Amino acid sequence: MVPNTVRVAVGILGNAASMLLYAAPILTFRRVIKKGNVEEFSCVPYILALFNCFLYTWYGLPVVSSGWENMTVSTINGLGILLEITFISIYRFALGLVLPVLTLFGLTACLSSFMVHTHHMRKVFVGSVGLVASISMYSSPMVAAKQVITTKSVEFMPFYLSLFSFLSSALWMIYGLLGRDLFIASPNFIGVPMGILQLALYCIYRRSDGAAGKLHGTAIDQEKGLKAVVAMPPQELAGTKPEAEGQK
């Protein structure tokens, strides 16, 4: 009874961390909507996250799992579906990529419902597909990481997204281990180090951004000072000369 209570508690914490993770891009997309341009923000992580949410919502339902043992998995991923579709709709051109996601999920759901007849085998089948989807989802931030290393800027890898990704992965890994469910724990064995990597890159290149900002600010101040000297009227320059000579 105690281990199950602990598992439920960890699942609730995992829900909270995942909710923050799914909501983190809201700040990014506020900027995108203001500018009317998605800039260098890739839609790939959101497409992969949508597929992952569909699969794990299905995985947590009584059709696949035994009863409501994984109810917390279904609830948070159901919310994730709504948020990911909202984010993807901002890209517009990416809406066409949702169709293959729906097709693959529909195929997985149909096969697991009608071709597999036990809960154990359904979990193995849906969990295996979910495992591949999760590994792809957790690998997708490497595109942003590569960009950070190339540009030496963390502008397109938001801090809160990296932080909540790490926290969410750590909690769901513990949840899966407590329930001896490798299809929930295994993807997060990749998610945790990926989250740590993103946070490390943020700490390293955030300093570079700060130093570059200071240098840029100094350069602007110097340029303004130079312009002020150049723009000084000739009579003022002439007026200061005798005063300087008088002081000598």
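This passage describes the helices of a predicted model, the nonpolar cores, one helix pair and the surroundings of one asparagine.

In the predicted model, the secondary structure of the chain amounts to 10 helices and 0 strands, so that reading along the sequence gives the pattern α-α-α-α-α-α-α-α-α-α. Of the 248 residues in the chain, 39% count as buried. When contacts in the chain between residues at least 6 apart in sequence are considered, 77% of them join residues at least 24 apart.

The largest nonpolar core comprises 37 residues, and those with the most contacts inside it are Leu 50, Ile 88, Tyr 91, Phe 105 and Ile 184. At least two residues of this core are supplied by each of α1 (2-23), α2 (25-35), α3 (44-60), α4, α5 (98-114), α6 (119-139) and α8 (159-178), and the largest share, 10 residues, comes from α3. For Tyr 91, when its neighbours within four places in sequence are left aside, the residues in contact are Phe 29, Val 38, Phe 41, Ser 42, Cys 43 and Tyr 46. A second core, separate from the one just described, consists of 8 residues, among them Ala 144, Met 157, Leu 201 and Tyr 205.

The pairing of α3 with α5 was examined in further detail. The axes of these two helices, α3 and α5, come within 10 Å and cross at roughly 20°; because angles under 35 degrees count as roughly parallel, α3 is roughly parallel to α5. The crossing in which α3 passes α5 is right-handed. On the α3 side, the residues that meet α5 are Ile 47, Leu 50, Phe 51, Phe 54, Leu 55 and Trp 58, while α5 contributes Val 98, Val 101, Leu 102, Leu 104, Phe 105, Thr 108, Ala 109, Ser 112 and Ser 113. Leu 50 of α3 and Phe 105 of α5 thus take part in this helix pair, and both are also listed among the residues with the most contacts inside the largest core.

Attention then turns to a polar residue. Asn 77 lies in helix α4, which spans residues 71-91, and has a relative accessibility of 7%; because buried means under 20% relative accessible area, Asn 77 counts as buried. The side chain of Asn 77 reaches the backbone oxygen of Val 73 at 2.7 Å. Leaving aside its neighbours within four places in sequence, Asn 77 is in contact with Tyr 22, Asn 52, Cys 53, Tyr 56 and Thr 57.

Conventions: Residues are numbered from 1 along each chain as its sequence is written. This is a predicted model: local features need pLDDT of at least 70, side-chain atom pairs count only at pLDDT 80 or more; totals for chains, interfaces and linings use all residues. Side-chain values use heavy atoms; hydrogens and water are left out. Helices (H or I, at least four residues) and strands (E, at least two) are DSSP runs, numbered from the N terminus. Buried means under 20% relative accessible area, exposed over 50%, partly exposed in between (1.4 Å probe, protein chains only). A polar contact is a pair of N or O atoms within 3.5 Å; within protein, one must be able to donate a hydrogen and the other to accept it, and residues adjacent in sequence count only if both atoms are side-chain atoms. Contact means heavy atoms within 4.5 Å. A nonpolar core is a set of buried Ala, Val, Leu, Ile, Met, Phe, Trp, Tyr and Cys residues joined through side-chain atoms within 4.5 Å. Axes are lines fitted to C-alpha atoms, for helices over the stretch in contact, and angles run from 0 to 180 degrees between N-to-C directions. Angles under 35 degrees count as roughly parallel, over 145 as roughly antiparallel, 65 to 115 as roughly perpendicular and the rest as oblique. A crossing is left-handed if the near helix is turned anticlockwise from the far one by less than a right angle, and right-handed if clockwise.
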